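User: Please take a close look at the packing inside this model. Begin with the loops, then work inwards to the rings and the cores. Tell me as well how far I can trust it.

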Amino acid sequence: MQETMPIAGTAERSAPVEKYNDEQVRQFVIALEEPFDPREIKWRVTNTTADRRRGQVIAYADPRAYTDRLNTLFTVRGWTREYTVQVIQNFERKERGNGVGIVSGKIVVTCKLTIDGLGSHAGLGEEWADNENAGTSAEAQAFKRACSCFGLGRYLYDLGGSWVDLDERKQPLSKPRLPDWALPKQNATTGAGRNGQNHVNGNGHLNGMNGTALDISALKTGAKSLCERVGFSLTRSVVRSVAGVDGIDDIHDASVLSGVSLKMEDTLRGVERLRAATGVVGQTALTQLCREMNLAGDSIEDIPDRRTLRQLIETLEKAARTIQSSAHGNGQHRESTRPQNGTNRNPLGAARADLIREAQRVGRLRGMRVSDVIDRAAKGAFRFAELQRVTVESLPALMAATDILRHVTPEPAEEGDPGILIYSGADPSASR
């Protein structure tokens, strides 16, 4: 049984929808993608070691930071949000820790965010009904996810979890340091607001984007400096997408140059993230990934566009998070993660060994061959026959298959069902 209740969000718009040209839209998107002021960032503990002395924390921002940014860019009349709430009854789940099954309801909230002149996007949030703050939590989650479709707060999803020491109340003793790409740009030309965003004037244009107030020569110099750090291929891709020309010298409009510079700074943050992830997984992993993506080489100059850059970042950061989690997880404190023989444990080899060990256990329980158990748990991500040839990019798939096998109980879920692929993990984005 489920109930649907429409809930009004912001008041109905009384002003006409304002239209923007392509360049203005690009500038608004850049301003929406700007990271929040670090003072707006909070940290939530999502996982702990067995002794509860260390925990994995993720970054998030209060919904008020999102509304502040929207109000600053578009005014209070320039955007609206609408909510729809569903209550789903008789939903069975297992309590964390003891594994006891309970029946509960679930609150599901859909938020439709509309920005005049830019369009509408929707986000979904959910929370267990037995949580006294279920409605508030699901509403905030839905609103933030709708905002991320416009680029607002999207970068927070790219921040991996960090392991920190916890106090007796299971709260972080210290806050992780945000990487440079997750910090707002302090641009004196455009001006930064409370959340590091650009301000708008009365006609809806970004302040500081007026060509008569900017030194075009200085803008070109700054843009060329960024080009040297980003590389030729990425620079050409950005310049073409923003300005429709091949080079910086072909741009003669100050507002367009400002847009190119902002996009180049964002691209530079991506390059720095790629280098940081490569430092964790190793150059060999980057080289192999570039080869699989049919790139000419593994240098920055060989990345043709921002889309390819994002794909490289997401793949390597996922592998890096897996390696870091392997180093800090399994109930071990920082000091205990160092092998006694003084050598570093190979995370890929360890993941293979864990998978085979669990597969052997399940094979004995179900009377199955280890190869069949692994092939079913892998769900097509890899096969037993190629287990010795998998690379570090397959670490998440190896660990996911191992986690599936760990949840296989001595008794099948149903008669004739080996019960291997029935476990479903939690949505990692739910805590955002």
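Analyst: Helices and strands here are DSSP runs, with helices (H or I) of at least four residues and strands (E) of at least two, numbered from the N terminus. With that in hand, take arginine 52. It is found in the loop between strand S2 (41-48) and strand S3 (54-61). Its phi is near 60°, a positive value in a residue other than glycine. Most residues other than glycine have a negative phi. Arginine 52 counts as partly exposed, because its relative accessibility is 44%.

A second loop residue has a positive phi. Asparagine 294 lies between H7 and H8. Its phi, too, is near 60°, again in a residue other than glycine. Asparagine 294 counts as exposed, because its relative accessibility is 71%.

Before going inwards, a word on trust. This is a predicted model. The mean pLDDT of the protein chain is 76, and 76% of its residues reach 70 or more. Two stretches deserve caution. Over residues 187-214 the pLDDT stays under 50, and the model gives this stretch 63 contacts beyond four places in sequence. Over residues 330-345 the pLDDT is also below 50, with 16 contacts beyond near neighbours in sequence.

Now the strands. Isoleucine 102 has its place in strand S5 (residues 101-115). It counts as partly exposed, because its relative accessibility is 21%, and buried would require a value under 20%. Its C-alpha atom is separated by 9.4 Å from that of asparagine 90, which is 12 residues apart along the chain.

Next, the aromatic rings. How many aromatic pairs are there? The count comes to 5. One of them joins phenylalanine 28 and phenylalanine 74, with 5.0 Å centre to centre and 35° between the planes, a tilted geometry. This pair links distant parts of the chain: phenylalanine 28 is in helix H1 (residues 22-33) and phenylalanine 74 in helix H2 (residues 63-74), 46 residues apart. Both partners are inside. Phenylalanine 28 counts as buried at 1% relative accessibility. Phenylalanine 74 is buried as well, with a relative accessible area of 6%.

Tryptophan 79 and phenylalanine 143 form another aromatic pair, this one stacked, at 6.2 Å centre to centre and 20° between the planes. Here too distant parts of the chain are linked: tryptophan 79 is in strand S4 (residues 79-94) and phenylalanine 143 in helix H3 (residues 134-149), 64 residues apart. Tryptophan 79 counts as buried at 4% relative accessibility. Phenylalanine 143 counts as buried at 1%. The two also belong to a cluster: ring pairs link Phe36, Tyr66, Trp79, Phe143 and Tyr155.

Charges also sit over rings. The charged end of lysine 106 is over the ring of tryptophan 128, 4.4 Å from its centre. The charged end of arginine 273 is over the ring of tryptophan 181, 4.0 Å from its centre.

Then the cysteines. Why are cysteine 111 and cysteine 147 not bonded? The sulfur of cysteine 111 has its closest cysteine sulfur in cysteine 147, but the gap is 7.0 Å, so it is too far for a bond. A disulfide would need the sulfur atoms within 2.5 Å. The count of disulfides comes to 0. Cysteine 111 is buried, with a relative accessible area of 0%. Cysteine 147 is buried too, at 1%.

Last, the cores. In soluble globular proteins, nonpolar side chains tend to be buried together. The largest nonpolar core in this model has 53 residues, of which Val260, Leu274, Leu312, Leu355, Phe382 and Leu398 touch the most other members. Several helices each supply at least two residues of this core, among them helix H4 (216-230), helix H6 (254-281), helix H8 (306-328), helix H9 (347-366) and helix H11 (395-406). The largest share, 10 residues, comes from H6.

Which residues does phenylalanine 382 contact, leaving aside its neighbours within four places in sequence? They are Leu355, Ile374, Leu387, Val390, Ala397, Leu398 and Ala401. Apart from the largest core lies another core, of 40 residues, among them Val57, Ala59, Tyr83 and Val87.

Terms used:
Residues are numbered from 1 along each chain as its sequence is written. This is a predicted model: local features need pLDDT of at least 70, side-chain atom pairs count only at pLDDT 80 or more; totals for chains, interfaces and linings use all residues. Side-chain values use heavy atoms; hydrogens and water are left out. Buried means under 20% relative accessible area, exposed over 50%, partly exposed in between (1.4 Å probe, protein chains only). Rings of Phe, Tyr and Trp (its six-membered ring) pair if their centres lie within 6.5 Å; planes under 30 degrees apart count as stacked, over 60 as edge-to-face and the rest as tilted. A charge sits over a ring if NZ of Lys or CZ of Arg is within 6 Å of the ring centre and within 35 degrees of the ring normal. pLDDT is the predictor's confidence in each residue, from 0 to 100. Contact means heavy atoms within 4.5 Å. A nonpolar core is a set of buried Ala, Val, Leu, Ile, Met, Phe, Trp, Tyr and Cys residues joined through side-chain atoms within 4.5 Å.
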